[in-house]
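The following exercises are to be worked with the sequence and the model at hand. Each one sets a task and then gives a solution in steps.

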Amino acid sequence: MMQKYVIGALLIALGCGDDSAAVDASVDTGRSPDAGTEDSGAVDAGSDSAMPDVGIDAGFDAGPIGSAGCVDGASLPEGENGMDVEGRARRFMVRLPEGYSRDRAWPLVFALHGNGGNPGYWDGTSGDRNIREVLRNDAVLIIPEAIDNAWRNYDLEREAWGPLMEEELVFFDELITLATDELCIDEDEIFAMGFSGGGSFSGVLGCRRTDIRAIAAGGSVIYFDEADCVHTPAAWITIGTEELQPGREAYRDFFRDRAGCDASSMPTDPDPCIAYDGCGESTPVHYCQHPGGHRWPDFGSQAMWDFLSTFVD
């Protein structure tokens, strides 16, 4: 959670290239016993802490400073970055918003590629997946790469899935620590989004981490044990009519039900999206059933951020 600093007369004021890979053909192979036909089809090309009470009027609000990186972060290089996590070399892309500085705390969006893909899936600068343009002025974008390019590798024995998921969660522990230490991040505005297996693992992050404010997912299924969930994120979910099957419906319904929503809904922007009724005030759930198959819809990138940005101060 974000550290909040109270500043008063007795305290010293704190001062606070596009190297994308070729678009991959991300594929979720559809061999998951717990997901029906799963992701079939190829993708087209801690708590708040405060300073000790110094007797300052409780009505004085200096506002949030942000993560540790707002004070002395050295930033992160634009483009490809790497780190070692438990002896494994990991790769991720960093795209900073235009005008990035430590003068304000920025939202952070993690964008996860589909199984069989790589960070280039979300690192393009044109087309329907151009989230770099959508976030250009508004948020830090980090695009991580999965172990062996798959958030769930169906070529491995099922027994291997759990340990690898835990290893990925450690990766995100390290990524979020690095980002908040080196960049000025609003720790109440961390989001995860993705397509196919990347959306599925965004659900893992939303379920297993308490710092993911909201998720956005396309064509995804449940990867986590529902009993392990410790958090309820707001959720934006899209599924193609041609790929609609029980595994994907179960993903949608899990986050809808966990947020306390009703099955009834009303239309919301953009068409064909709906907003479920009765959701918790802080956990709305929107569902967009587009007319295509297993792909990221043409309206998806902007609609995703229009939803996530409602949680940005």
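**Exercise 1. In this predicted model, characterise the disulfide of cysteine 261 and cysteine 279.**

Step 1. The bond is identified from the sulfur atoms of cysteine 261 and cysteine 279, which are 2.0 Å apart; the cut-off for a disulfide is 2.5 Å.

Step 2. The torsion about the S-S bond of cysteine 261 and cysteine 279 is about 115 degrees, and the disulfide is therefore right-handed.

Step 3. The two ends are then placed in the chain. Cysteine 261 belongs to the loop between helix 5 (246-258) and strand 8, while cysteine 279 belongs to the loop between strand 9 (273-276) and strand 10. The pair links distant parts of the chain, 18 residues apart.

Step 4. Burial means under 20% relative accessible area. Cysteine 261 has 10% relative accessibility and so counts as buried. Cysteine 279, at 18%, counts as buried because of that value.

**Exercise 2. Determine the handedness and placement of the disulfide of cysteine 273 and cysteine 288.**

Step 1. The sulfur atoms of cysteine 273 and cysteine 288 are 2.0 Å apart, and the two residues form a disulfide.

Step 2. The angle about the S-S bond is 110 degrees, and the link of cysteine 273 and cysteine 288 is right-handed.

Step 3. Cysteine 273 is in strand 9 and cysteine 288 in strand 10, so the link ties together parts that are 15 residues apart in sequence.

Step 4. Cysteine 273 and cysteine 288 are both buried.

**Exercise 3. Analyse the disulfide of cysteine 207 and cysteine 229, and describe the surroundings of aspartate 228.**

Step 1. Cysteine 207 and cysteine 229 form a disulfide with their sulfur atoms 2.1 Å apart.

Step 2. Here the torsion about the S-S bond is about -110 degrees, so this disulfide is left-handed.

Step 3. Cysteine 207 lies in helix 4 (residues 197-208), and cysteine 229 lies in the loop between strand 6 and strand 7. The pair, 22 residues apart, links distant parts of the chain.

Step 4. Both cysteine 207 and cysteine 229 are buried. Aspartate 228, located in the loop between strand 6 and strand 7, has 36% relative accessibility and therefore counts as partly exposed.

Step 5. Leaving aside residues up to four places away in sequence, aspartate 228 touches Cys207 and Arg208. Aspartate 228 and arginine 208 are 20 residues apart in sequence, with a C-alpha to C-alpha separation of 6.8 Å.

Step 6. For the whole structure, the count is four disulfides. With bonded cysteines counted along the chain, the pattern is 1-2, 3-4, 5-7, 6-8.

**Exercise 4. Establish the strand order of the sheet and locate the helix 6 packing.**

Step 1. The secondary structure of the protein chain comprises six helices and 10 strands.

Step 2. An open sheet with mixed pairing is formed by 10 strands, in the order 1-2-4-3-5-6-7-10-9-8.

Step 3. At the edges stand strand 1 (79-85) and strand 8 (265-267); each has a single partner strand, so one side of each lacks a neighbour in the sheet. From one strand to the next, the twist averages 20 degrees.

Step 4. Strand 3 (residues 106-112) and strand 4 (residues 140-144) are paired in the parallel sense over three bridges. Isoleucine 142 in strand 4 is the bridge partner of phenylalanine 110.

Step 5. Helix 6 (residues 300-308) packs on the sheet, where it touches strand 3, strand 5 (185-195), strand 6 (214-218), strand 7 (234-240) and strand 10 (285-290). The direction of helix 6 makes about 160 degrees with that of strand 7.

**Exercise 5. Delineate the nonpolar cores.**

Step 1. In soluble globular proteins, nonpolar side chains tend to be buried together. In this protein chain, 51% of the 313 residues are buried.

Step 2. The largest nonpolar core has 54 residues, and Phe110, Ile142, Phe172 and Phe201 have the most contacts inside it. Helix 3 (residues 158-182) supplies the largest share of this core, eight residues.

Step 3. Apart from this core lies another, of 28 residues, with Trp122, Trp236, Cys288 and Trp305 among them.

Step 4. Phenylalanine 201 touches Leu112, Trp151, Met165, Glu168, Leu169, Phe172 and Tyr223, when residues up to four places away in sequence are not counted.

Methods: Residues are numbered from 1 along each chain as its sequence is written. This is a predicted model: local features need pLDDT of at least 70, side-chain atom pairs count only at pLDDT 80 or more; totals for chains, interfaces and linings use all residues. Side-chain values use heavy atoms; hydrogens and water are left out. A nonpolar core is a set of buried Ala, Val, Leu, Ile, Met, Phe, Trp, Tyr and Cys residues joined through side-chain atoms within 4.5 Å. Buried means under 20% relative accessible area, exposed over 50%, partly exposed in between (1.4 Å probe, protein chains only). Helices (H or I, at least four residues) and strands (E, at least two) are DSSP runs, numbered from the N terminus. Contact means heavy atoms within 4.5 Å. Two strands pair if DSSP finds at least two bridges between them. Axes are lines fitted to C-alpha atoms, for helices over the stretch in contact, and angles run from 0 to 180 degrees between N-to-C directions.
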